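Work through the exercises below with the sequence and structure at hand. Try each task before reading its solution.

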Amino acid sequence: MTKKIVAYKALPSDVEAYLRAHAEVVNIDPKNHAAFVEALTTADGAIGASIKISPDMIEGAHRLKALSTISVGFDQFDVQDLTRRGIVLTHTPDVLTESTADTVFALILASARRVVELAEWVKQGNWKASIGEACFGVDVQGKTLGIVGLGRIGGAVARRAALGFRMNVLYTNRSANEQAEKEYGAKRVELDELLAQSDFVCLQVPLTPETRGLIGANELQKMKRSAILINASRGPTVDENALVDALKNGTIRGAGLDVFEQEPLPADSPLLAMKNVVALPHIGSATHETRHAMARNAAENLIGALNGTLTQNIVNPDVLAR
Ligand code: NAP
């Protein structure tokens, strides 16, 4: 019987053609929640991103064998529940690592050198004389970068920092990253020490119950007043109200943010009115090349999972052992 796949995100045409060569593909706009849930009841697989798929949405999806997210993060899924149901969840690590690390570095440089703020200032016609101290930023090269969660993306950030910018790299992880220690001189420390010593604190942990709210008022208080917080992980790893207070009160110098508690960021967010904040619309992996590679990778993961041939990029390999 021909397999049925629900695509809940627009896919590049060649990727959609690849899927259609293997299965029937139904395109669904997930904003139409009822139609999405209905389509899942007769689907063998689904592919998409950025939409929470909760257990109640797949209650009637008795044929569902595989879900493929076009992302490395899988916080939109209840993995335990999927495993219990025997549904394979696949994701797209590695293909987005370098692009996301570039975004992190763009945030570091933009925040430190006030690139966005001063570019706007020029466009508004304010550049009338040679600039003075009021337009100065702070150095990036040679400073200390603290990476909270030094995995694939954190490692690519560490490489840029250590080899390109001669920065000292500190990190926290539950386990040591020996490669980063050897190749980039990264030093594993406790979170408190990382917060106290870093000029840039960069979050790259996945969003899990343990990392939700990892950086709150207490942690911000432990950072240097001159430090900049960079978050390109997931918004809820930082307590956003506490961050707003810290930025207002000068507890820290600034923030470079790609992710927020609520996305899109509401127009009345106090963060938007702050000169010491660079806010991006969750563009971590958003280049033409990388988004295409992610879609292709996710499509191959899905077909491989449905055919029972996939051996990598599986979030819950326990399903296969059953
Ligand atoms: P990864 O290779 O799994 O790295 C995550 C690191 O966090 C690991 O080194 C892990 O080390 C550490 N960690 C610390 N505490 C943890 C905890 N409680 N649970 C799990 N890990 C913990 O993942 P990645 O590919 O670098 O991606 C990291 C995250 O970046 C993704 O999950 C995603 O949310 C985010 N991301 C954002 C964008 C964007 O557009 N802004 C793009 C891509 C990814 P230990 O296991 O030793 O603790």
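A residue counts as near the ligand if its C-beta atom, placed from the backbone, lies within 6 Å of it. Keep in mind that this is a predicted model.

**Exercise 1. Describe the shell around the ligand.**

Solution.
- Step 1: count. The ligand is surrounded by 29 residues. The closest are Gly 73, Gly 149, Gly 151, Arg 174 and Gly 284.
- Step 2: sort by class. Ten residues of the shell are nonpolar, 14 are polar and five are charged.
- Step 3: find the main contributor. Helix α6 (residues 152-165) supplies the largest share, three residues.
- Step 4: assign domains. Domain 1 (4-94 + 288-321) and domain 2 (97-279) each give at least three residues to the shell.

**Exercise 2. Relate the annotated region to its secondary structure.**

Solution.
- Step 1: read the record. An unreviewed UniProt entry annotates residues 6-316 as "domain: D-isomer specific 2-hydroxyacid dehydrogenase catalytic".
- Step 2: take the composition. Residues 6-316 are 37% helix and 14% strand.
- Step 3: check the ends. The end C-alpha atoms of this stretch are 20 Å apart.

**Exercise 3. Map the nonpolar cores.**

Solution.
- Step 1: recall the background. In soluble globular proteins, nonpolar side chains tend to be buried together.
- Step 2: take the largest core. It has 51 residues. Val 157, Val 169, Val 201, Cys 202 and Ile 230 have the most contacts inside it.
- Step 3: name the top contributor. Helix α4 (residues 97-113) gives seven residues to this core, the most of any element.
- Step 4: look for another. A second, separate core has 37 residues, among them Ile 5, Ile 70, Ile 303 and Ala 305.
- Step 5: zoom in on Val 201. Beyond four places in sequence, its contacts include Gly 146, Val 148, Leu 194, Met 223 and Ile 230.

**Exercise 4. Find the unusual backbone geometry.**

Solution.
- Step 1: set the expectation. Most residues other than glycine have a negative phi, and most peptide bonds are trans.
- Step 2: inspect omega. Glu 263 and Pro 264 are joined by a cis peptide bond, with omega about -5°. Pro 264 sits in the loop between β11 (254-257) and β12 (277-279).
- Step 3: inspect phi at Ser 50. Its phi is positive, about 65°. Ser 50 lies in the loop between β3 (45-48) and β4 (66-69).
- Step 4: inspect phi at Arg 166. Its phi is also positive, about 50°. Arg 166 falls in the loop between α6 and β7 (168-172).
- Step 5: judge exposure. Ser 50 has 14 other C-beta atoms within 10 Å, so it is partly exposed. Arg 166 has 11, so it is exposed. The cut-off for exposed is 12 or fewer.

Terms used:
Residues are numbered from 1 along each chain as its sequence is written. This is a predicted model: local features need pLDDT of at least 70, side-chain atom pairs count only at pLDDT 80 or more; totals for chains, interfaces and linings use all residues. UniProt positions are given in the numbering used here, feature names are shortened, and annotations may be inferred rather than shown by experiment. Helices (H or I, at least four residues) and strands (E, at least two) are DSSP runs, numbered from the N terminus. Ala, Val, Leu, Ile, Met, Phe, Trp, Tyr, Cys and Pro count as nonpolar, Asp, Glu, Lys and Arg as charged, and the others, Gly among them, as polar. Domain bounds come from an automatic or database domain assignment. A nonpolar core is a set of buried Ala, Val, Leu, Ile, Met, Phe, Trp, Tyr and Cys residues joined through C-beta atoms within 7 Å. A residue is buried if 20 or more other C-beta atoms lie within 10 Å of its own, exposed if 12 or fewer, and partly exposed in between; C-beta atoms are placed from the backbone. Two residues are in contact if their C-beta atoms, placed from the backbone, lie within 7 Å.
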